[in-house]
Amino acid sequence: MKNTIVVAGATGNLGHRICKELIKMEVTVRAIVRNSSDPKKVDSLKKMGVEIFPVELFNKEELTAACQGATCVVSAVTGLHDVIVDAQLELLHATIAAGVPRFIPSDFSSDFTAIPKGENRNFDLRKEFEQHLEQSSIKSTTIFNGCFADILRYNTPLFNATTQTVAFYDDKADWKIDFTTMDDTAAFTAKAALDTNAPRFLRIASFRVSPNDLIALSEQYKGKRFELVDMGSMERFSAYNKIQRAKDPAGEDELYPKWQQAQYLYSMFLVHHQKLDNDRYPTLVWSKVEDNI
């Protein structure tokens with residue numbers, strides 16, 4: 001019997017890549033897309049060979065029909081509470097109603113199971129959804145990929161080519177941060193969607209680098225040795241983020257307000273993977289840090 005994988009959020013950056021990887025594996029792929037989705041992105045999926053199922057965001061009947069006969073539903077949706085919790089919960093209910101045996105939630109992030117509530121708003125939303133997922137009857141697999149590697153090109157305090165600085169906190173100059181490219185995340189997720197024995201959590205990283213590693217890489221690949229900057233304690237960083245969030249209530253309606261971006265940086269120095277599952281699918285070739293700075 002040929003596998004059928006349903007992908008929600010298929011018009012997004014990661015979702016599109018997951019569909020592409022599944023098509024390479026000659027799997028039947030259905031994309032759940034909103035009626036308001038960008039026609040160009042939907043057309044791109046069609047040309048790829050993906051079956052398109054337009055639905056209303058909270059219509060359980062349409063979602064259930066889209067999931068019928070699937071072997072796994074992969075969620076790659078992005079958004080705030082109305083998407084990560086509310087819409088994804090409707091998708092979960094539809095997945096179960098359709099008799100689909102497996103579900104992969106949109107948890108592509110750092111390992112938020114080890115991050116206290118209040119330290120990262122977007123992770124808190126995923127933690128809220130996880131409570132519903134854990135109480136359900138379906139077999140699920142969360143994929144933690146650390147940070148998406150393209151952040152190294154965004155001139156964040158961690159690695160800033162404009163100011164030529166690399167930041168660290170709490171004497172963590174040698175702290176290894178997990179980075180995974182979107183392509184690697186998509187390829188691994190496609191494999192996991194077909195892996196009926198996949199465990200509850202899988203942790204991956206294309207590469208792991210510390211602030212000190214980034215200093216050495218800056219000299220080799222940016223032509224100048226960047227300055228290593230001590231940003232102070234994690235305790236002060238956490239307090240600062242909470243103050244900035246309280247000052248910006250409008251940011252609660254934004255996906256990436258400035259204080260949320262700072263919360264992501266805080267999370268990078270708070271948790272990292274103790275063990276990687278990269279070797280679970282031996283045919284995958286992982287990207288290198290040198291190609292991502």
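Visitor: What is Gly-146 in contact with, leaving aside its neighbours within four places in sequence?
Guide: Ser-109, Ser-110, Asp-178, Ile-204 and His-273. Contact here means heavy atoms within 4.5 Å. Bear in mind that this is a predicted model: local features need pLDDT of at least 70, side-chain atom pairs count only at pLDDT 80 or more, and totals for chains, interfaces and linings use all residues. Residues are numbered from 1 along each chain as its sequence is written, and side-chain values use heavy atoms, with hydrogens and water left out.

Visitor: Why is Gly-146 called buried?
Guide: The cut-offs are under 20% relative accessible area for buried, over 50% for exposed, and partly exposed in between (1.4 Å probe, protein chains only). Gly-146 comes out at 9%, so buried it is. You'll find Gly-146 in the loop between strand E7 (142-144) and E8. Strands (E, at least two residues) and helices (H or I, at least four) are DSSP runs, numbered from the N terminus.

Visitor: What makes something the largest cavity, and which residues line the largest cavity?
Guide: On a 1 Å grid over the protein atoms alone, a cavity is a set of points where a 1.4 Å probe fits but cannot get out, while a pocket is an open set with protein on both sides within 12 Å along at least five of seven lines; a lining residue has an atom within 4 Å of a point. Grid points are joined across faces, edges and corners, and the volume is the space filled by probe spheres set on the points. Searching the whole structure turns up one cavity of 30 Å³ or more, and the largest cavity holds about 40 Å³. Gly-146 is in its lining, along with Ser-110, Asp-111, Cys-147, Ile-177, Asp-178, Met-268, Val-271, His-272 and His-273.

Visitor: How many residues of that lining are nonpolar, polar and charged?
Guide: Four nonpolar, four polar and two charged. Ala, Val, Leu, Ile, Met, Phe, Trp, Tyr, Cys and Pro count as nonpolar, Asp, Glu, Lys and Arg as charged, and the others, Gly among them, as polar.

Visitor: What lines the second largest pocket?
Guide: Tyr-240, Gln-244, Asp-248, Lys-258, Trp-259, Gln-261 and Ala-262. Two elements each give two or more of those residues: helix H8 (234-247) and helix H9 (258-270). H9 gives the most, with four. The pocket has about 150 Å³ of space, and its lining splits into three nonpolar, two polar and two charged residues.

Visitor: What makes E8 and E12 edge strands?
Guide: Each pairs on one side only. Pairing takes at least two DSSP bridges between two strands. Here the open sheet has the order E8-E10-E12, with mixed pairing. Strand E10 (residues 177-180) and E12 share three bridges in the antiparallel sense, so they meet the pairing cut-off. One bridge puts Asp-178 across from Arg-208 in E12.

Visitor: How do you know that E4 and strand E5 pair?
Guide: Two bridges join E4 to E5 (residues 102-104), in parallel, so this clears the bar of at least two. In that pairing Val-74 stands opposite Ile-104. Strand E1 (residues 4-8) also runs parallel to E4, over four bridges, with Val-7 matched to Val-74. On E4 itself, Cys-72 and Val-74 point one way, Val-73 and Ser-75 the other, and all are buried.

Visitor: Why do the buried residues of H2 line one face of the helix?
Guide: The buried ones are Val-42, Leu-45 and Met-48. Looking down the axis of H2, they fall within an arc of 115°, so they line one face. That arc is taken from the directions from the helix axis to the C-beta atoms. An α-helix has 3.6 residues a turn, so residues three or four places apart point the same way. The buried residues of H2 pack against helix H1 (13-24), strand E2 (28-34) and strand E3 (51-55), while Pro-39, Lys-40, Lys-46 and Lys-47 are exposed on the other side.

Visitor: Why does Gln-164 count as partly exposed?
Guide: Its relative accessibility is 28%, so Gln-164 sits between the buried and exposed cut-offs. Asp-170, at 36%, counts as partly exposed too.

Visitor: What is phi of Gln-164?
Guide: Near 55°, a positive value in a residue other than glycine. Asp-170 also has a positive phi near 55°. Most residues other than glycine have a negative phi. Gln-164 is in the loop between E8 and strand E9 (165-168), and Asp-170 is in the loop between E9 and E10.
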